[in-house]
Amino acid sequence: MLTIPREAGAMSALASEDTTRNALTGVLIEKEGSKVHVVASNARLLGVLAMLSNSEGFPETAALRNAPNGEVTGLVDADEFAKVCKGVPRKSSVTDVGVQL
């Protein structure tokens with residue numbers, strides 16, 4: 001499980017709406033050890049959000065546990081990523097979104 005701040009949903013606004021360029025219509029989530037990168041681009045602008053993942057208290061999944069060198073990468077549809085991030089209540093004690101790749 002990765003934890004990503006609710007505010008990371010803003011990255012989805014950078015993703016391209018051009019459906020002929022599938023790689024640019026999503027948000028890339030990449031985990032390298034304890035570092036997490038959230039990346040989006042529309043071919044003109046590139047946004048990179050780098051942070052540390054605080055996954056204490058969340059269950060470890062087999063995919064993350066068995067990942068070579070602890071590295072995992074996934075491309076998430078930009079609209080779905082924004083919906084998930086917006087779904088976390090603002091005044092909640094939970095400020096992060098749990099993402100399972």
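Is Ala-43 buried, partly exposed or exposed, and what is its relative accessibility? The answer comes with the first view below; keep in mind throughout that this is a predicted model.

**View 1. Ala-43 sits in a loop with a positive phi.** Ala-43 belongs to the loop that links strand E3 (35-41) to strand E4 (46-52). Its relative accessibility is 45%, so Ala-43 counts as partly exposed, since that value lies between the 20% and 50% cut-offs. The backbone is worth a look too: phi of Ala-43 is near 80°, a positive value in a residue other than glycine. For context, most residues other than glycine have a negative phi.

**View 2. Leu-24 meets the Ala-43 loop.** Leu-24 is in a loop as well, the one between E1 and E2. Setting aside neighbours within four places in sequence, Leu-24 is in contact with Ala-15, Ser-16, Ser-41, Asn-42 and Ala-43. Pan over to Leu-75 and you'll find its C-alpha atom 9.5 Å from that of Leu-24, with their positions 51 residues apart along the chain.

**View 3. Leu-75 alongside strand E2.** Leu-75 is part of strand E5 (residues 71-77). Not counting residues up to four places away in sequence, Leu-75 touches Asn-22, Ala-23, Gly-26, Val-27 and Leu-28. Ile-29 is 46 residues away along the chain, yet the C-alpha atoms of Leu-75 and Ile-29 are separated by 6.3 Å.

**View 4. An open, antiparallel sheet of four strands.** The strands come in the order E4-E3-E2-E5, with antiparallel pairing. E4 and E5 are the edge strands; each has a single partner, so one side of each is left without a neighbour in the sheet. On average, neighbouring strands here are turned by 15° against each other, direction ignored. Zoom in on E2 and E3 and you'll see an antiparallel pair joined by five bridges. Within that pair, Ile-29 stands opposite Val-38 in E3.

**View 5. Helix H2 across the sheet strands.** H2 lies across E2, E3 and E5. With respect to E5, the helix runs at about 100°.

**View 6. The largest nonpolar core.** This core has 14 residues, and those touching the most other members are Ile-4, Val-27, Ile-29, Val-36, Val-38, Met-51 and Phe-81. Strand E1 (2-5), strand E2 (26-32), E3 and helix H2 (78-86) each chip in at least two residues. Take Val-36 as a way in: beyond its neighbours within four places in sequence, Val-36 is in contact with Leu-2, Ile-4, Ile-29, Glu-30, Leu-49, Ala-50, Met-51 and Ser-53.

**View 7. Zooming back out to the whole chain.** The protein has two helices and six strands, and reading along the sequence gives β-β-β-β-α-β-α-β. Of its 101 residues, 39% count as buried. Among contacts with a separation of 6 or more, 67% link residues 24 or more positions apart. The protein exposes about 6400 Å², and carbon and sulfur atoms supply 51% of that.

**View 8. Where the prediction is confident, and where it isn't.** Mean pLDDT for the protein is 78, with 75% of residues at 70 or more. Among the elements, E3 has the highest mean pLDDT (90), while strand E6 (residues 96-99) has the lowest (53).

Methods
Residues are numbered from 1 along each chain as its sequence is written. This is a predicted model: local features need pLDDT of at least 70, side-chain atom pairs count only at pLDDT 80 or more; totals for chains, interfaces and linings use all residues. Side-chain values use heavy atoms; hydrogens and water are left out. Buried means under 20% relative accessible area, exposed over 50%, partly exposed in between (1.4 Å probe, protein chains only). A nonpolar core is a set of buried Ala, Val, Leu, Ile, Met, Phe, Trp, Tyr and Cys residues joined through side-chain atoms within 4.5 Å. Contact means heavy atoms within 4.5 Å. Two strands pair if DSSP finds at least two bridges between them. Axes are lines fitted to C-alpha atoms, for helices over the stretch in contact, and angles run from 0 to 180 degrees between N-to-C directions. pLDDT is the predictor's confidence in each residue, from 0 to 100. Accessible areas come from the Shrake-Rupley method with a 1.4 Å probe; for residues, only the protein chains shown count as cover.
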